[in-house]
Each structure stands twice: as structure tokens, then as C-alpha cells.
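Q: Could you take me through the spaces in this model, setting each value against its definition?

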Amino acid sequence: MARFDDSRPEMTLEEFRLLRDHVYSHCGILVHEDMKFVMERRLWPRLEALGVSDFGAYHRFLRHDPNRHAELEAAVESLTTHETYFFREPSQLKAFREELVPVLERRNARSRRLRLWSAGCSSGEEAYTLAMLLRDERRFEGWDVEVYGTDISRRVLAMARRAEYGPSALRATSADLLERFFVPAANNRVRVRDDVRAMVSFGHHNLLDEAGSQLVTKMDAVFCRNVMIYFDQSARRRVLRILRDRLVPGGYLLLGHSENLLNLGADFELVHLRGDLVYRRPELPALLRSEER
Ligand SMILES: C[S@@+](CC[C@H](N)C(=O)[O-])C[C@H]1O[C@@H](n2cnc3c(N)ncnc32)[C@H](O)[C@@H]1O
């Protein structure tokens with residue numbers, strides 16, 4: 001009997017374009033044409049799991065089947081990259097801690113409330129890193145501090161909630177931080193300490209979902225690092241509009257080091273820190289700012 005592997009269907013260019021557009025309109029991830037073979041390879045197991053004979057039938061399943069929403073999640077899951085680790089991009093974290101945290105402390109001194117968002121948090125390392133940085137800052141004792149981590153993938157969110165990690169996630173974590181913020185877990189892994197876990201909540205959220213974003217509380221700072229690198233300009237613009245709307249006036253947006261807002265026409269101010277460049281939602285609406293000039 002022929003194994004499925006021997007008779008794997010090829011993806012035609014037309015099927016590729018249909019599937020690519022479907023994935024793109026759902027989550028903003030744009031698979032380039034020269035990556036057709038990667039898409040084909042990654043989606044084969046989905047065809048196999050559903051017993052679907054070719055990519056045309058798979059596209060019809062995604063459009064019309066009663067289980068299409070769950071299957072679209074599975075397709076997106078197989079196409080996304082979740083690479084992350086604790087204390088990633090340390091110079092940016094240092095700049096955040098030394099130059100932005102004191103500003104946030106002064107600004108929120110009355111409310112004693114602070115909200116950070118790791119948007120596209122993958123398996124949670126970035127959100128816990130932020131909680132650890134804040135925990136280290138004695139200045140927030142007695143404050144109402146919360147870090148939110150959201151992602152489109154339920155699989156990585158389950159890992160984030162479990163909070164257990166191996167060596168790869170800890171490759172940039174010093175022995176001192178390991179000692180202070182983790183406890184031993186089974187199978188040579190470590191678990192984030194409970195007091196840090198209590199500062200972080202995780203939720204499922206598609207960054208392109210405008211209506212769903214309205215439910216996200218207003219943030220003092222958003223870390224959206226290494227997420228929009230997989231989006232095209234139009235999806236980036238949509239996400240930036242949403243993130244801007246979820247920031248308090250004067251709130252900060254921190255992107256990954258290879259990312260910037262050039263040519264995106266996004267209404268953010270560039271802030272030159274000693275150790276990094278970050279973005280800020282202007283304090284005043286654009287209309288009032290132009291009247292001021
Ligand atoms: C490469 S990881 C980055 C993780 C972390 N921010 C970091 O810099 O280490 C990108 C994450 O973005 C998530 N993602 C991609 N598209 C998304 C979307 N439309 N909405 C929410 N999350 C998305 C992926 O599932 C993945 O976990």
C-alpha cells in the first residue's frame with residue numbers, strides 16, 4: 001500500500017496564492033512566492049490529518065467547512081515562527097529599565113498603576129522578562145502592576161502558562177537571574193517563580209483583530225518585537241493603528257532591533273534614548289499638534 005509520503009500532492013501556484021491570501025487576511029503573515037515549497041511542506045501534515053487529497057480541497061475546507069476556524073488556527077500555527085528567549089535584546093531592556101521606567105514611575109505616581117503588554121509573546125519569555133525587570137525595581141512595591149502577554153497561537157500560550165523552560169529559553173539568562181527568578185522543575189527544566197507568574201496574564205489575541213483589541217486595557221508600554229517582520233506594510237499599518245490606540249498618550253512602543261516605522265506613516269514620535277530608539281504615542285492628538293506649530 002502506498003504511504004501518504006509517496007503520493008504527496010504538489011501545490012499549484014494558484015492554490016498557493018489562494019492559501020497565502022487566506023492566511024494573510026486572517027493574521028497579516030505574508031508568505032512570499034519563493035517560499036511556496038515551505039508552505040507546501042508545512043501544510044502537508046494538515047492535509048494528512050484531515051484526509052484531504054490536494055491543496056485545492058484544503059482551501060475549500062478552510063473556506064467552507066464547519067471546522068474551518070479551528071483548521072485555520074492549525075494552518076497558521078504550522079506557518080508561524082515562535083523563536084524567543086528570556087532577556088532577549090539586553091541593550092533595549094537596559095534602556096527601558098534605566099531610562100523609561102523612571103519616567104513611567106513619575107508619570108503614574110498618583111495612580112500607582114502600571115500596565116505592560118508583550119504583544120506576540122510566543123511561549124511567554126518576553127512577558128516574564130518584563131515582570132522580572134519590574135520586580136527587581138523596588139520602586140514599584142505596593143503598586144498595581146500587570147504584564148499582559150498575548151499571541152495568536154494557543155499552543156505557545158499553553159506553554160507560557162505552564163512557565164517551565166529548558167536551556168534554549170535560558171541562553172541569555174545569567175546565573176544570578178536564574179537563581180533569583182526560577183525554581184527547579186522536572187526533567188532538568190526550571191519554572192518561573194510564583195511571585196513573578198502572579199504579575200503576568202496571558203490571553204489569545206490576533207493583533208489584526210480591531211474589535212478584539214478594544215477589550216485590551218490601555219497600556220503604558222507595548223513590546224511588539226519580532227512579530228511584524230513577517231507582515232507586509234499594509235498589515236503593519238493596521239497593527240500599528242491598533243497598538244497606538246491601546247497606548248495611553250505618551251505611552252511607549254518598543255519594536256525588535258531589525259524593525260522600524262519608516263514609510264509606515266504611523267502617528268508615533270521617535271524617542272532617542274541613550275541606549276536605544278523607541279516610539280511614543282504623542283501626548284496631543286495630531287490636529288492640536290499642528291495648531292501648536
Ligand atoms: C518570533 S515570535 C516573537 C516573540 C517575542 N516577541 C520575542 O521577540 O522574543 C513571534 C510571535 O508572534 C505571533 N504572531 C504572529 N502573528 C500574530 C498575530 N497576527 N497576532 C498575534 N500574534 C501573532 C506568533 O505566533 C509568534 O509567537
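**Pockets and ligand**

A: By class, 10 nonpolar, 2 polar and 3 charged residues line the second largest pocket, where Asp, Glu, Lys and Arg count as charged, Ala, Val, Leu, Ile, Met, Phe, Trp, Tyr, Cys and Pro as nonpolar, and the others, Gly among them, as polar. The model is predicted, with pLDDT of at least 70 required for local features and 80 or more for side-chain atom pairs, while totals for chains, interfaces and linings use all residues. Residues are numbered from 1 along each chain as its sequence is written, and side-chain values use heavy atoms, leaving out hydrogens and water.

Q: Which residues line the largest pocket nearest its centre, and what is its make-up by class?
A: Thr81, Gly120, Asp151, Asn226 and Val227 lie nearest the centre, among 24 lining residues, which divide into 9 nonpolar, 10 polar and 5 charged. In the second largest pocket, 15 residues form the lining, with Ile29, Leu30, Val31, Met35 and Tyr230 closest to the centre. A pocket is an open set of points, on a 1 Å grid over the protein atoms alone, where a 1.4 Å probe fits, with protein on both sides within 12 Å along at least five of seven lines; lining residues have an atom within 4 Å of a point.

Q: What occupies the largest pocket?
A: The ligand takes up this space, a placement that requires more than half of its atoms to lie within 2 Å of the pocket's grid points.

Q: Which residues make polar contacts with the ligand at 2.9 Å?
A: A polar side-chain atom of His82 lies 2.9 Å from a ligand oxygen atom, while backbone N or O atoms of Cys27 and Leu207 each lie 2.9 Å from a ligand nitrogen atom. A polar contact is a pair of N or O atoms within 3.5 Å, so these pairs qualify.

Definitions and conventions: A polar contact is a pair of N or O atoms within 3.5 Å; within protein, one must be able to donate a hydrogen and the other to accept it, and residues adjacent in sequence count only if both atoms are side-chain atoms.
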